[in-house]
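The following exercises are to be worked with the sequence and the model at hand. Each task is followed by a solution in steps.

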Amino acid sequence: MIINDIADGITRSVGRVGDAFSGAFFEPVIRIGVTGLSRAGKTVFITSLVANLLDRARMPQLVAASEGRILTAFLQPQPDDTVPRFDYETHLAALTSNTPHWPDSTRAVSQLRLSLRVKPAGLLAGLQGPRTIHLDIVDYPGEWLLDLELMDLSYSEWVEKTLKRITDRAEAAEYVALASGVDATAPFTEAEARGLANTYSTYLKAAREVGFSDCTPGRFLLPGEMEGSPVLTFAPLAKPANVRRGSLWREMERRYEAYKAQVVRPFFRDHFARIDRQIVLVDALGAIHAGPPAVEDLREAMTDILAAFRPGRNAFLSKLFLGKRVEKILFAATKADHLHHKQHPRLTAIMEALVKDAKSRADFAGADTSAMSLAALRATVEETMDHDGRKLDCVRGTLLKDGRQAAFYPGELPEDPNRLLSPAREGAEAWLDADYQVMSFAPALLTLKPGEGPPHIRLDKAVQFLIGDKL
Ligand SMILES: Nc1nc2c(ncn2[C@@H]2O[C@H](COP(=O)(O)OP(=O)(O)O)[C@@H](O)[C@H]2O)c(=O)[nH]1
Ligand SMILES: [Mg+2]
């Protein structure tokens, strides 16, 4: 354990020397982390981001672009040999085809390098020629950040926390029944472990489906190539009074520790600790549509996720970061095109309130943070309709389910976010004074003029916040 920690530290500091070198004398590399829970909109965001950086006509709020200082932008081969490349071309083809559709969901880390030739601004403009700045965009599941808490929890502590959380959830009934009928002191068998792990994974997936976000181990939801391996074949079992060697409980404990050492730790070391700028995408509207329990759960999950950005709080992370920090963090409510723009400030306020808890406890170790609402790919147009003598601000788009065009009034978000967050926190089952419509739009058919990327809402503002100071 200790040897491992030291080794981590060394890798990290050597890495930083290299980065600092390239930063000061060479071509700077900015690693931008894009995360969020599954379906938050990461794939669509990165695809539209890259397309709009390659063709910048729709990026007026990115200052370097509007000043004409970005001379060219081009995709480069992936610098990290072992990380899959973000499949930009396939995703863009899905969004921009004659029958536009949303890209397939991804289930692991992927990365892409986009390089910009930029003319310096201000005083340096006359002295220096254009520089090349590399943007390494890293897509990783927010679920994996939830595993950070495992690093500080023993197996029996994690079990206690988890069982307490899930006992009352309908989705967990089958697992809870199965686990309580198991003799954890009996000799370990792979079949029994697998049965428990499968049932527990089924619970996690069902919990995610109905909107719960506090689902650990995170890799069970998105196992990728590790599916079925022993590190992913364990489940929470209450600790019996006597645990013997070779018992089911002991082996579960061993696998849990292996999961931490071989799955969680490498992710944080190789990917997370190297990020300079971070955007956290949140499908706040989706949770609001799903109801108060989903909103409360999202708030809790955000608090857990954001713990990862406060390395001081976690001994394991502090060692990994060695004083380095994420410099900027943007919290973005996605799919804002489901709402008329008049409601965007309210969505942003809800986004701010969702992360406030986590923020007030610590200051993200000095990182510059901001919240906004955006749509990476705008699938709707706005329309104001008369309804019983009232003007309703609607959005119109192509319905995902049958391809029809329809205008939607999504319901009015409250001005005060606490009108949503308080009932959620108090355990309300449904919204009392409002009804929020669930909507699913297909991407709109696009006709792009030369130089134009796909339409979006505030993508340019997001990029300006994230990297504007470096261009
Ligand atoms: N209307 C709209 N829908 C979006 C937008 N971004 C994502 N979505 C929807 O959210 C789904 C999940 O997005 P995706 O990028 O695959 O999420 P990921 O799992 O975080 O990578 C998509 O299939 C779309 O249905 C957006 O900007 N506007
Ligand atoms: Mg994705």
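Thr-380 touches Asp-337, Val-395, Arg-396 and Phe-441, with residues up to four places away in sequence not counted; contact here means heavy atoms within 4.5 Å. The model is a predicted one, in which local features need pLDDT of at least 70 and side-chain atom pairs count only at pLDDT 80 or more, while totals for chains, interfaces and linings use all residues; side-chain values use heavy atoms, with hydrogens and water left out. Residues are numbered from 1 along each chain as its sequence is written, and chains are lettered from A and ligands numbered from 1 in the order in which they are written.

**Exercise 1. Thr-380**

Task: State which backbone oxygen the side chain of Thr-380 reaches, and decide whether Thr-380 is buried or exposed.

Solution.
- Step 1. Locate the residue: Thr-380 belongs to strand β8, residues 380-387. Helices (H or I, at least four residues) and strands (E, at least two) are DSSP runs, numbered from the N terminus.
- Step 2. Assess accessibility: Thr-380 is buried because its relative accessibility is 6%. The classes are buried under 20% relative accessible area, exposed over 50% and partly exposed in between, with a 1.4 Å probe and protein chains only.
- Step 3. Examine the side chain: it reaches the backbone oxygen of Asp-337 at 2.7 Å. A polar contact is a pair of N or O atoms within 3.5 Å; within protein, one must be able to donate a hydrogen and the other to accept it, and residues adjacent in sequence count only if both atoms are side-chain atoms.
- Step 4. Compare sequence with space: Thr-380 and Thr-398 are 18 residues apart in sequence, and their C-alpha atoms are 7.8 Å apart.

**Exercise 2. The surroundings of ligand 1**

Task: Identify which residues come nearest to ligand 1, and describe its polar contacts with Gly-41, Lys-335 and Asp-337.

Solution.
- Step 1. Of the 16 residues around ligand 1, Arg-39, Lys-42, Thr-43, Val-44 and Asp-337 come nearest. A residue is near a molecule or strand if one of its heavy atoms lies within 4 Å of it.
- Step 2. A polar backbone atom of Gly-41 is 2.9 Å from an oxygen atom of ligand 1.
- Step 3. An N or O atom in the side chain of Lys-335 is 2.9 Å from an oxygen atom of the ligand.
- Step 4. A nitrogen atom of ligand 1 lies 2.9 Å from a polar side-chain atom of Asp-337.

**Exercise 3. Backbone geometry**

Task: Determine the sign of phi at Arg-39 and at Asp-388, and name the residues that a cis peptide bond joins.

Solution.
- Step 1. Recall the general rule: most residues other than glycine have a negative phi, and most peptide bonds are trans.
- Step 2. Arg-39 is not a glycine, yet has a positive phi of about 75°. Arg-39 lies in the loop between β1 (29-36) and α2, and counts as exposed because its relative accessibility is 62%.
- Step 3. Asp-388, also not a glycine, has a positive phi of about 50°. Its place is the loop between β8 and β9 (390-399), and its relative accessible area of 75% makes it exposed.
- Step 4. The cis peptide bond joins Thr-216 and Pro-217, with omega about 0°. Pro-217 is in the loop between α9 (190-209) and α10 (248-270).

**Exercise 4. Two buried basic side chains**

Task: Find which side chains are joined by polar contacts to those of Arg-113 and Lys-328.

Solution.
- Step 1. Arg-113 is found in strand β3, residues 110-118, and is buried because its relative accessibility is 14%.
- Step 2. The side chains of Arg-113 and Asp-136 are joined by a polar contact of 2.7 Å. Residues touched by Arg-113 include Val-29, Phe-74, His-134 and Leu-135.
- Step 3. Lys-328 lies in strand β6, residues 328-333, and is buried because its relative accessible area is 13%.
- Step 4. The side chains of Lys-328 and Asp-368 form a polar contact of 3.0 Å. A polar atom of the Lys-328 side chain also lies 3.5 Å from the backbone oxygen of Phe-465.
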